[in-house]
Amino acid sequence: MKIRIEWTYTTPRGAETFFRSDEMPVAKALLIAEDIQKTGRVKQMDFIDQYDSSWLLKELKSYLKSIETEPHNVRVYFDGGFDIQTKMSGMGCVIYYEQSGKAYRLRSNAPSAHLISNNEAEYAALHMCLKELELLGVHHLPVTFIGDSQVVINQLSGEWAVIEPSLSGWADRIEAKMKKLGIDPTYEAVPRKENSEADRLATQALNGIEITANSELL
């Protein structure tokens, strides 16, 4: 969850002005809010999440404590590749998350001989990521999904219609899994070079190299 801070600042002579911060993670918002309050010149302070819901300071502290031991601040990179000569596909998944005050990265990939296009491989890669999220215990959280497939990103975000039957089936499975896990997705399209980790994993799967690794980021 991301929070923006809105507050009214009052000078010693009574002049007032209003400030609004950018959205930021809850922990950072609490740190900054407490620093602002030390000035003794805050008349009113509000905390607003990305859905425009208001939170009290004590509610944010309780929320942060409740998720501390569970995976949160989750970002997912996915990529799929299809070899038209061999009819094989490779799927790559990279998940960044925080848990118990530490940052982690999970990398996973898998081959498939049952897909028929690169777009289908991209969908299958995202579905594989959802299975990994389920294994991690990610649930009822906002999650950002990042990929270089304009088709998948725009179709799942509702910008483009899903016309191909082979893709609509994947879209339905993905949406059902999201609903089951209580995940609130945000989709972000990036250039291929910014999705290099997932792309490399997909290529390795195509070459018969399977990887599953979860490591702490120092």
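At 17% relative accessibility, Tyr63 counts as buried, because the cut-off for that class is under 20%. That residue is a good way into this predicted model, so let us stay with its ring for a moment before stepping back to the whole chain.

**Aromatic pairs**

A search through the whole structure turns up 6 aromatic pairs. One of them brings together Tyr9 and Phe19: their ring centres are 6.5 Å apart and their planes meet at 85°, so this pair is edge-to-face. Tyr9 belongs to strand 1 and Phe19 to strand 2, and the pair links distant parts of the chain, 10 residues apart. Trp55 and Tyr63 make another pair, with ring centres 5.7 Å apart and planes at 65°; because edge-to-face calls for an angle over 60 degrees, this pair falls in that class too.

How exposed or buried are the residues in these two pairs? The table gives the relative accessibility of each one.

| Residue | Relative accessibility | Class |
|---|---|---|
| Tyr9 | 23% | partly exposed |
| Phe19 | 37% | partly exposed |
| Trp55 | 23% | partly exposed |
| Tyr63 | 17% | buried |

Which residues form one aromatic cluster? Trp7 joins Tyr9 and Phe19 in it.

**The hairpin of strands 1 and 2**

The strands that carry Tyr9 and Phe19 are worth a look of their own. Strand 1 covers residues 2-10 and strand 2 covers residues 16-20; the two run antiparallel and are joined by 5 bridges. Phe19 turns up here again, as the bridge partner of Trp7. Between the two strands of the hairpin lie 5 residues, and Gly14 takes a positive phi near 95°. As a reminder for reading such a pairing, side chains in a regular strand alternate between the two faces of the sheet.

**The chain as a whole**

Stepping back, the protein chain holds 6 helices and 11 strands. Its C-alpha trace spans about 75 × 40 × 30 Å along the principal axes. The chain has 218 residues, and 42% of them count as buried; Tyr63 is one of the buried residues.

How much of the contact network joins residues at least 24 apart? Among contacts between residues at least 6 apart in sequence, the share is 69%.

On the outside, the protein chain exposes about 12100 Å², with carbon and sulfur atoms supplying 50% of that area. As for charge, there are 24 positive and 31 negative side chains, and the centres of the two sets lie 6 Å apart.

Methods: Residues numbered from 1 in each chain as written. Predicted model: local features only at pLDDT ≥ 70, side-chain atom pairs only at ≥ 80, totals over all residues. Heavy atoms only, no water. Helix = DSSP H or I, 4+ residues; strand = E, 2+ residues; numbered from the N terminus. Buried < 20%, exposed > 50% of the residue type's maximum accessible area, 1.4 Å probe, protein only. Contact = heavy atoms within 4.5 Å. Areas by Shrake-Rupley, 256 points an atom, 1.4 Å probe, with all protein chains shown as cover. Lys, Arg positive; Asp, Glu negative; His and termini not counted. Charge placed at Lys NZ, Arg CZ, Asp CG, Glu CD. Pairing = 2+ DSSP bridges. Phe/Tyr/Trp six-rings, centres within 6.5 Å; stacked < 30°, edge-to-face > 60°.
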